[in-house]
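Open the model in your viewer and set the display to cartoon. The stops below each give a selection and then say what is there.

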Amino acid sequence: MRSGWKTMIKAAAVLAMTTSLAKAADVEVLHWWTSGGEAAALNVLKDNLATGGTGWVDMPVAGGGGEAAMTALRARVTAGDPPTAVQMLGFDIQDWAEQGALADLTATAQAEGWDKVVPAALQKFSTYDGKWVAAPVNVHSTNWVWINKAALDATGLAAPTTWDELVAVLDKMKENGITPLAHGGQPWQEATVFDGIVLSMGGDFYQKAFIDLDPAALGGEQMATAFDHLIKLRSYVDDNFSGRDWNLASAMVINGEAGMQMMGDWAKGEFLKAGKKPGTDFVCIRFPGTQGSVTFNSDQFAMFNQTDAAKQEAQVNMAKAIMDPAFQSAFNVVKGSVPARTDVPNDAFDDCGKKGMADLAEANTNSTLYGSMAHGHAAPAAVKNATYDVITAAFNGEYADGAAAAKALAEAVAAAQ
Amino acid sequence: MAAVTQDTAVSMGRIARVFIYLLLLLFALFYLLPLYVMGINSVKPLAEITGGNMMALPQVWTLDPWRSAWSTAQIGVEPTGLKPYFLNSILMVVPAVAISTIVGALNGYVLTKWRFRGDTWVFGLMLFSCFIPFQIVLIPMAMVLGKLGLAGTVPGLVLVHVVYGIGFTTLYFRNYYAAFPTELVRAAQIDGAGFFQIFWRILLPVSGPIAVVSVIWQFTNIWNDFLFGASFGGTSQPMTVALNNLVQSSTGVKEYNVHFAGAILAALPTLFVYFVAGRYFVRGLMAGSVKG
Amino acid sequence: MSTAPDFRTRLQDWLPKLVLAPSFAVTLLFVYGFIAFTVLLSFTGSKMLPSYNFVGWLNYQKLWALPAWNTAIVNIAIFASLYIIICTAVGLALAIFLDQKIRGEGVLRPIYLYPMALSFIVTGTAWKWFLDPGIGLEKVMHLWGWESFSFTWIKDGDMAIYTIVIAAVWQTSGFVMAMFLAGLRGIDNEILKAAQIDGASNWQLYRRIVIPLLRPAFLSAFVILSHLAIKSYDLVVALTGGGPGRATEMPATFMYSYTFTRNQMGIGASSAVIMLMTIAAIMVPYLYAELKEKK
């Protein structure tokens, strides 16, 4: 009898503890992973947190690759009511940290040893002034080319590794009567292609032009060549490209209407969803001339300052849950990206995913991991958008030649700084 | 009402009439086209859409997209579909429409029947609220809502929509009441009726047509708002935000058929209001608002 | 007691103003207060959040030096004038035709009206597809055997702005039709009968009598259409996203992108001030004329 009482009291105590925990420690999460697989993958994180007693209040706002969410965030912060955790990209994290709005996660990061497993180029965004302010979920790399295997075989050529080989393959595909390059005419898509071109001019040049924003590099001869390449690529795109969603461009490659698409690793999801197999139905290669280097963007969760101790604890719990290797693996398998820590086993990933992880690790060791300009990880928003303006105009044939475009680029970047 | 049965203003010959019917039908097609595209693609499997003709009838008919959009599609981390957000929208729209219409009616009543020095100025100033682009007010509005402690709450959203709606509702009711004989109001006043009594007994009973216009206008505007809902909705986001979350996948697979089904679902209440109350709408407009 | 009735009459005197006061106060704060705040911001170097370091006219100088802003100004001029003219013409024509004792008016009228009920979050994709040469109208025409049919406006930087006009006309012309229809139904038929007896043709009737009588409807339509034109944002984002390139940038999209996505709130605020001044320049004379008349 007595032991019975004891267990009951124990059970009641445990129950009281868990309920009080669940009540006190909710995280309100603002994010834009609102539909399909990525939202389902995020649900894994929610469930993981729930087992630890941390509740999840969802605040999804999609649109414009996070633009709508950032607008909502600004309204929330201005109203003095910021969410506890917010999905964020690159320089946004730095900008908010500069405003003093972000919570300090350094203690957790040190206890968990984040700085040993997170690539240095990522840490640049996750930390501000030596303090950890965000937990990275994934690394997307943007310098990929997705090729329809049958269309490639029909050219009789190997997967291209240089610009000249790429042009040869594209020409052959044109001869074979398909659209060589599937492309959607939206500024960010053109900028994604251009990331690859600039990176193929050499990692040092990419660093100088897009990260250091050196006017000489931006307006120089190499940049002029890069623009010439971009203008050349335009000639392999069908007339109907403008405004097309990237996944409709992927669909063109999937059903053989087009030969290849230059797009970040999220495109893989479209191929897999259509029942295609990497290696047999489609080929994933790095943008010709960029093997060994990676341009990336990384989704992170930044924590906003909270005065309530229970909420601070919930933030720590969430940050830990995000950095959990099992979650990183589970999430990124679905998302198409690779884990933000380099010590996650690659068993669950397909061939392209494994290649992505190996490339990331290699680029990290060789310091050839660069933030993507197209995806806001090379320069702040104002500069990024200024480059969009010029790149899109160049792709749409508004400059006489690459040199004119390079000159315009240098001017636009200078004006935006 | 006389309007429905009255002779047309000017009548025309037989050939002209055939021509008119043709033209009217042509325009009807033009207006229906996007709805057709959405409807037809919402009952197709996804493969037929990405691989085929957007205008063609489905080879395989399916209602799965509709089920998915309503109850199982991923909206944020939960696969809830649009269903729960429907209620959020209702909870916001009904009070906002009711309050802005009542306030507009009272304002219109004061501005026409209890005129005072400078009343046209007051009205003119209030009218400008109709023309202010919402993007401009977002940040200052966030500040004010934060100070009031209403940020991220339904009452906050209701307040926002009422504030930017009363310009329109006041305009509608003012123009409508302007045509109402002021002598009746004065007579009631002499009989000892008070301010609210006169409004309640004399003006309100005849306000039906213009109230319909005001309700339709406000209902559509508030139901379709996205910017305020996303910024100030907090955890009770309205349906437009949910719809946007459904259709704006950033890097995921786009299920166009589900998107279209969701789009039609989200639009059903406004469509319902227009198709049911449409006839009263023209009548209400006729009854005053266009007379300036 | 003489104060009680005194108080009651005084209350009755004040009551109308008391009823109006909250609305007026709210308008002063939420409209004019916010406008003042925006004007203030436009003179600051605000970036991501409002800050109060004043920079004088710098934002305005930067604004007018930006090619995209000039594109936006040209676009809004093209868009607004075409949109207002076409909407008014289509709305008037439909109203006149519908007023000819048309069978099925009850069906046609809601069909014309319903686009106003939908937001562009809903219809944007459908329109985009319909206008897209690869999947929409052009492809269908080709499938139906009209091989030479070409309609590529949405892909063409010089023509894309006109596709926005088409979609915008689709959305609001039915509403304008309703306003004109209401106006037509309000016209006293005796005047028209008298003119008809005098031997006036249909054309003359409309030109000389009906259209002048619709003046209030024209004015209402103009106000509603011009403010929708200046506010137009969803439409552009849904249809072209400002593209091809930045060919369809409009003041509203420009203001939003500089304020919220480019972290240049100061420049965004200065473009907002220009927009507000434009709206005021259109509305103030209209309101003045309208309100003075009824005094």
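Start by selecting A:Glu28 and A:Val57: Glu28 of chain A stands opposite Val57, which lies in β2(A). This is a predicted model, and the tour should be read with that in mind.

Now extend the selection to the two strands. β1(A) and β2(A), the latter covering residues 55-60 of chain A, run parallel and are joined by 6 bridges. Next add strand β3, residues 85-89 of chain A, which pairs with β1(A) in the parallel sense over 2 bridges. A:Val29 is the residue to centre on here, as it stands opposite A:Ala85 in β3(A). How many of the 6 residues of β1(A) are buried? The strand, residues 26-31, is mostly covered, with 5 of the 6 buried.

Move on to another sheet in chain A. Select β9, β10, β8 and β11: these 4 strands form an open sheet in the order β9-β10-β8-β11, with mixed pairing. Its edge strands are β9 (179-182) and β11 (282-286), each of which pairs on one side only. On average, neighbouring strands of this sheet are turned by 20° against each other, direction ignored. At one edge, β9(A) pairs with β10(A), residues 258-262, in the parallel sense over 3 bridges. To see the register, pick A:Ala182, which stands opposite A:Gln261 in β10(A).

Which helix packs on this sheet? Select residues 246-254 of chain A: this is helix α14, and it touches β8 (144-148), β9 and β10 of chain A. The direction of α14(A) makes about 140° with that of β10(A).

Stay in this region and select A:Trp146. Leaving aside neighbours within four places in sequence, A:Trp146 is in contact with A:Val253, A:Met260, A:Gln261, A:Met263, A:Ala267, A:Phe271, A:Phe282 and A:Cys284. A:Trp146 and A:Ala302 have the most contacts inside the largest nonpolar core, which has 312 residues. Helix α7 of chain C, residues 160-185, gives the most to this core, with 17 residues.

The next stop is the contact between chains A and B. Select the residues on both sides: 39 come from chain A and 30 from chain B. On chain A, α2 (36-51), β2, α3 (67-78), α14 and α15 (267-273) each supply at least two residues to the side that touches chain B. Colour α2(A) separately, since it provides the largest share of that side, 8 residues.

Then turn to chains B and C. Here 76 residues of chain B are in contact with 85 residues of chain C. The elements that give two or more residues to chain B's side include α2 (14-41), α5 (83-113) and α12 (208-224) of chain B. α15(B) gives the most to that side, with 15 residues.

Within chain B, select helix α4, residues 64-72. Its buried residues are B:Pro65, B:Ser68 and B:Ala69. These residues lie on the same side of α4(B) because they cover an arc of only 95° around the axis.

Finish by colouring chain B by pLDDT. The mean for chain B is 84, and 91% of its residues reach 70 or more. Select residues 1-7 of chain B, where pLDDT stays under 50 and the model has 6 contacts beyond four places in sequence. Where pLDDT is low, the predicted coordinates should not be read in detail.

Conventions:
Residues are numbered from 1 along each chain as its sequence is written. Chains are lettered from A and ligands numbered from 1 in the order in which they are written. This is a predicted model: local features need pLDDT of at least 70, side-chain atom pairs count only at pLDDT 80 or more; totals for chains, interfaces and linings use all residues. Two strands pair if DSSP finds at least two bridges between them. Axes are lines fitted to C-alpha atoms, for helices over the stretch in contact, and angles run from 0 to 180 degrees between N-to-C directions. Two residues are in contact if their C-beta atoms, placed from the backbone, lie within 7 Å. A residue is buried if 20 or more other C-beta atoms lie within 10 Å of its own, exposed if 12 or fewer, and partly exposed in between; C-beta atoms are placed from the backbone. A nonpolar core is a set of buried Ala, Val, Leu, Ile, Met, Phe, Trp, Tyr and Cys residues joined through C-beta atoms within 7 Å. The arc is that of the directions from the helix axis to the C-beta atoms. pLDDT is the predictor's confidence in each residue, from 0 to 100.
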